[in-house]
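This report covers helix packing, two individual helices, one residue and the overall make-up of a protein chain. The sequence and structure come before the discussion.

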Amino acid sequence: MANYLIAISGHEGTNWQIKGTALACYTLATSTLVFNTKYAYWFSNGVGVIKICTLLFVILTGFVVLGGHTKVEDPKANFQDAWSGSSNASAYGMTIALYRIIFSYGGYNNAFNVANEVKNPVRSLKIYATAALTTVYILYMFANVAFFAAVPKEELENSGLTAASLFFKAVFGDSGAVRGLNFLIALASFGNMIAVIIVNDLAIFPNALFNLAMAVGIYIVRWRRRKADLPEPEFKAWHVVIIFNILIQLYLLIMPWYPPAGGQYAGDVSFWYATYAVTGVGM
């Protein structure tokens with residue numbers, strides 16, 4: 001959110017300006033919840049609608065770009081050699097990418113935290129959670145296609161967290177509309193912050209530890225149920241899903257300790273590469 005707010009001003013913010021703006025955004029989101037949770041909830045839902053509309057706008061614009069109806073010179077350039085540069089891929093880079101993907105889907109599990117407040121939670125979550133995740137996956141996938149159609153790969157690699165801003169600039173130039181679209185992205189981020197704070201979402205690393213313990217615990221509970229000769233539960237997760245989840249959580253717990261190719265200070269941050277992992281252990 002901080003990056004997009006600074007992008008609206010037309011300037012490149014310093015690290016301290018970005019951090020200060022981010023702190024102000026979190027303070028505002030927390031204050032909003034403190035003053036009135038109900039209105040904050042309504043606001044978050046309203047922003048969710050705006051976010052979906054913005055994603056649809058990006059996707060449709062991406063199709064227009066691919067059709068050659070914008071000023072983008074070669075919209076298919078990034079799709080001609082999709083694996084170019086992959087020979088330099090590293091375990092550290094893949095881990096960071098996976099962490100950011102998980103973060104982009106952050107909040108999907110919040111529905112399970114309030115399952116006791118839902119009528120017939122097993123049936124409801126099986127239907128609506130599947131539908132919601134599938135919809136978001138499709139929207140994110142086509143949004144990324146739109147980004148790759150409009151923005152050169154080199155710019156995307158160096159974009160940090162402002163890929164959407166580069167997309168708007170590549171398609172619409174430096175007009176005031178671009179600043180308005182950046183504001184929509186910032187607004188969507190603010191709504192997500194409120195939704196996350198409402199349920200007190202955890203950081204990815206300690207959350208992975210919790211998910212691993214929970215997945216292993218499922219087999220312990222099943223073993224005890226069989227030993228007690230209890231009937232099968234109403235809902236039972238597939239073995240392949242649980243095992244896959246265990247492998248993912250192990251990866252998320254182990255690989256962050258693997259150093260980047262350039263040494264312990266060559267990560268995507270200016271400090272020691274595994275600081276967030278140590279912080280996660282402390283949590």
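## Packing of H6 and H8

H6 passes H8 in a left-handed crossing. The model is a predicted one. On the H6 side, Ala146, Phe147 and Ala150 make the contact, and on the H8 side Ala163, Ala164, Phe167, Ala170 and Val171 do so. Sorted by class, the contact of H6 with H8 holds eight nonpolar residues, with no polar and no charged ones.

Two packed helices are described by the angle between their axes and the distance between the axes. For helix H6 (residues 121–150) and helix H8 (residues 163–172), the angle is about 50° and the axes lie 9 Å apart. H6 is therefore oblique to H8, because an angle that is neither under 35 degrees, nor over 145, nor within 65 to 115 counts as oblique.

## Helix H3

Helix H3 covers residues 37–66, which is 30 residues. At 1.5 Å a residue the expected span is 44 Å, and the end C-alpha atoms are 43 Å apart, so the two values agree.

The buried residues of H3 are Ala40, Ser44, Val47, Thr54, Leu55, Val58, Ile59, Thr61, Gly62 and Val65. After H3 comes Gly68, with a positive phi near 80°.

## Helix H10

Helix H10 (residues 204–227) has 24 residues, and at 1.5 Å a residue these should span 34 Å. The end C-alpha atoms of H10 are 34 Å apart, in agreement with that expectation.

Burial in H10 applies to Ile204, Phe205, Pro206, Asn207, Ala208, Asn211, Leu212, Ala215 and Arg222. Asp229 follows H10 and has a positive phi, near 60°.

## Gln249 and its contacts

Gln249 belongs to helix H11, residues 239–254. Its relative accessibility is 6%, so Gln249 counts as buried, the cut-off being under 20%.

Which residues does Gln249 contact, leaving aside its neighbours within four places in sequence? They are Ala208, Asn211 and Leu212. Ala208, Asn211 and Leu212 are among the buried residues of H10.

## Overall make-up

The protein contains twelve helices and zero strands. Along the sequence the pattern reads α-α-α-α-α-α-α-α-α-α-α-α.

Of the 283 residues in the protein, 27% are buried. Among contacts with a separation of 6 or more, 68% come from residues 24 or more positions apart.

Technical notes
Residues are numbered from 1 along each chain as its sequence is written. This is a predicted model: local features need pLDDT of at least 70, side-chain atom pairs count only at pLDDT 80 or more; totals for chains, interfaces and linings use all residues. Side-chain values use heavy atoms; hydrogens and water are left out. Helices (H or I, at least four residues) and strands (E, at least two) are DSSP runs, numbered from the N terminus. Buried means under 20% relative accessible area, exposed over 50%, partly exposed in between (1.4 Å probe, protein chains only). Contact means heavy atoms within 4.5 Å. Axes are lines fitted to C-alpha atoms, for helices over the stretch in contact, and angles run from 0 to 180 degrees between N-to-C directions. A crossing is left-handed if the near helix is turned anticlockwise from the far one by less than a right angle, and right-handed if clockwise. Ala, Val, Leu, Ile, Met, Phe, Trp, Tyr, Cys and Pro count as nonpolar, Asp, Glu, Lys and Arg as charged, and the others, Gly among them, as polar. The expected span of a helix is 1.5 Å times one less than its number of residues.
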